[in-house]
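The following exercises concern burial, salt bridges and contacts in a single protein chain. Please work through each task before reading its solution.

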Amino acid sequence: MTQRIINRVLSLVCLCCCFQNIMYAQEETGRRAYTLFDNTGKEITYGELIRHLSGYDIVFLGEIHNCPITHWLEFEITRSLYHLHKNKLMLGAEMLESDNQLILDEYMQRKISYDRFEAEARLWDNYSTDYYPVVFFAKEHGIPFIATNIPRRYANSVKNGGLEVLDSLSAEAKKYIAPLPVPFEYNEKESEAAFSLMNMMGGKKTGDNEKLAQAQAVKDATMGWFIARNMKDKFLHINGSYHSDFKSGIIPYLLRYRPGTSVVTVTSVRQESISKLDDENKERADFYICVPEDMVTSY
């Protein structure tokens with residue numbers, strides 16, 4: 001076992017200990033680490049959440065990228081849906097890019113080492129703490145995992161030059177992007193709201209608003225395309241909440257490419273109090289993971 005893998009194991013052990021301490025603190029202080037709500041604002045149990053999610057073709061888990069509670073629940077939801085659906089379940093994530101599907105497949109099939117996967121797959125900086133558990137669980141249980149996002153170099157090109165730059169790409173490059181032209185209508189108000197949410201979640205907004213919106217659109221379209229072309233029965237997709245809130249972002253593209261697909265959304269929100277769902281968060285999703293504002297972050 002390499003030192004890098006040993007470090008990953010130790011990080012998972014520390015994460016488990018952290019959550020044990022959180023649960024103990026909840027019992028001692030009466031404070032909770034999270035509350036689950038449905039779309040009416042009614043508090044629900046974890047078991048109720050899983051029963052509802054299991055009835056849909058695709059579950060979108062909208063996360064706060066630096067929230068450890070969200071990532072822990074993503075892992076738990078993945079395990080629970082796998083135990084219900086078994087080999088009918090597929091996974092996908094914004095955090096893995098479509099041109100790395102071969103590398104991901106080789107790692108999942110144990111043809112390459114974790115070290116090589118980590119070195120070559122352009123993983124997010126918080127992969128080892130926040131996404132490794134879900135990917136490792138998929139590998140251990142033979143769950144197909146789809147790298148859905150557009151390669152970041154092409155999204156960056158759109159951010160700088162607009163959607164038209166995609167037309168100049170080679171046929172090989174276009175294999176990693178949703179079919180062109182990508183349908184897009186600019187809505188300044190909606191885009192500003194999405195960028196504001198992205199900034200709160202640790203993202204970065206730089207450059208021309210309309211081109212930024214076009215870059216987000218080609219990400220959403222590409223994720224929708226790779227979900228649609230790969231899913232067979234049940235699919236669980238992990239993404240930033242702004243990619244699926246209000247049934248927008250990825251979802252209209254997915255339904256364009258795969259009409260009739262039943263979709264359910266979960267979003268993550270931070271609130272000062274998690275005893276009830278704040279009015280400002282209502283109507284964003286079908287279900288909510290509500291976390292205290294003072295919850296620690298992973299970066």
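**Exercise 1.** Which side chain meets that of Glu172 in a salt bridge?

*Solution.* The structure is a predicted model. A salt bridge requires a side-chain nitrogen of Lys or Arg within 4 Å of a carboxyl oxygen of Asp or Glu. The side chain of Lys175 satisfies this with Glu172, at 3.1 Å from N to O. Glu172 is partly exposed, its relative accessibility being 41%. Salt bridges that share partners also occur in this model: they join Glu97, Asp99, Arg122, Arg152 and Arg153 into one network. By the same rule, the count of salt bridges comes to 14.

**Exercise 2.** Determine how the salt bridge between Arg122 and Asp99 is placed in the chain, and how accessible each partner is.

*Solution.* Begin with the distance: the two side chains meet at 2.6 Å, N to O. Next, locate the partners. Arg122 is in the loop between α5 (114-120) and α6 (127-130), whereas Asp99 is in the loop between β4 (89-97) and α4 (101-108). The pair therefore links distant parts of the chain, 23 residues apart. Finally, consider accessibility, where buried means under 20% relative accessible area. Asp99, with 19%, is buried, while Arg122, with 29%, is partly exposed.

**Exercise 3.** How far apart in helix α3 are Arg79 and Glu76?

*Solution.* The two residues are three residues apart in α3, which means a separation of about one helical turn. Their side chains meet in a salt bridge of 3.1 Å, N to O. Arg79 is partly exposed at 32% relative accessible area; Glu76, at 18%, counts as buried.

**Exercise 4.** Which residues of helix α2 are buried, and what covers them?

*Solution.* In α2 (residues 46-53), the buried residues are Leu49, Ile50 and Leu53. They lie on the same side of the helix, because the arc they cover around the axis is only 95 degrees. Their cover includes the strands β1 (35-38), β2 (43-44), β3 (58-63), β7 (263-271) and β8 (287-292), together with helix α3 (68-85).

**Exercise 5.** Is Tyr82 buried or exposed, and which residues beyond its neighbours within four places in sequence is Tyr82 in contact with?

*Solution.* Tyr82 lies in helix α3 and counts as buried, at 13% relative accessibility. Leaving aside neighbours within four places in sequence, Tyr82 is in contact with Leu89, Phe137, His141 and Ile143. As a further spatial reference, Tyr82 and Ser54 are 28 residues apart in sequence, and their C-alpha atoms are 9.7 Å apart.

Methods
Residues numbered from 1 in each chain as written. Predicted model: local features only at pLDDT ≥ 70, side-chain atom pairs only at ≥ 80, totals over all residues. Heavy atoms only, no water. Buried < 20%, exposed > 50% of the residue type's maximum accessible area, 1.4 Å probe, protein only. Helix = DSSP H or I, 4+ residues; strand = E, 2+ residues; numbered from the N terminus. Arc of directions from axis to C-beta. Contact = heavy atoms within 4.5 Å.
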